[in-house]
Amino acid sequence: MSITALQSIKKPWAHLLVHAEGQPLDKILSVPSHFLTKTVSGKKCKTKAGLLAEFSRVFSFPEYFGHNWDALEECLADLDWLPATGYLVVVTDADQVLTKPDEEDDFETFVEILNEAGEAWSLKESDEATGNGLPFHAVLVVSDRHKHARHNWFAPPLAMEHKGGNTSRSKGSKKSVR
């Protein structure tokens, strides 16, 4: 994953990183040193309720967090309690996110929320030096072996990087009903 892409306030804000089995994440994902990085376990996000609980735990969401999609979007676009000059959300084992049969369609909504948070941060006048917005990116990490576990990686607007390969793809924005 390009450190330059993560430092940008421009889209894409949600990325898919496919890596070879056993590659340590810190070897394939370069994170700007001044970023606040939060790692979310995809294994704990198999359901919508599990995903919302895991994000709440990892980000220490305020008590008023409503455990629904709108609340997740609002909290990720706020983060006043976690001041930083850049944000990175790493979702490990992304192939396991929202995989329960009746919740798989929620995956698109989840990626939209990550992109909308990135857009919101890009529009804030948060950086004291430049007056520009701050970078907010999410990287969904999946091993090469498990990349076929999800058929709709590209239904949502996910930029893809294949570590060690030459595949690079980005799709345009697409709206759906939540």
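1. Contact here means heavy atoms within 4.5 Å. On that basis, Phe110 touches Leu51, Phe55, Trp69, Leu72, Val91, Val97, Leu98 and Leu140, leaving aside residues up to four places away in sequence.

2. A word on provenance: this is a predicted model, where local features need pLDDT of at least 70, side-chain atom pairs count only at pLDDT 80 or more, and totals for chains, interfaces and linings use all residues. Residues are numbered from 1 along each chain as its sequence is written, and side-chain values use heavy atoms, with hydrogens and water left out.

3. The protein chain has 5 helices and 6 strands (DSSP runs numbered from the N terminus: H or I of at least four residues, E of at least two). Their order along the sequence is α-β-α-β-α-α-β-α-β-β-β.

4. Of the 178 residues in the protein chain, 47% are buried (under 20% relative accessible area, 1.4 Å probe, protein chains only).

5. Look at α3, residues 48-59: its end C-alpha atoms are 16 Å apart, which agrees with the 16 Å expected for 12 residues at 1.5 Å a residue (1.5 Å times one less than the number of residues). Its buried residues, among them Leu51 and Phe55, pack against β2, α4, β3 and α5. Ser60 comes after α3 and has a positive phi, near 50 degrees.

6. The largest nonpolar core (buried Ala, Val, Leu, Ile, Met, Phe, Trp, Tyr and Cys joined through side-chain atoms within 4.5 Å) has 38 residues, with Leu51, Phe55, Phe59, Phe61, Leu72, Leu76 and Phe110 touching the most other members. α5 gives the most to this core, 7 residues. A second, separate core of 9 residues includes Leu6, Leu29, Phe35 and Leu88.

Terms used
Buried < 20%, exposed > 50% of the residue type's maximum accessible area, 1.4 Å probe, protein only.
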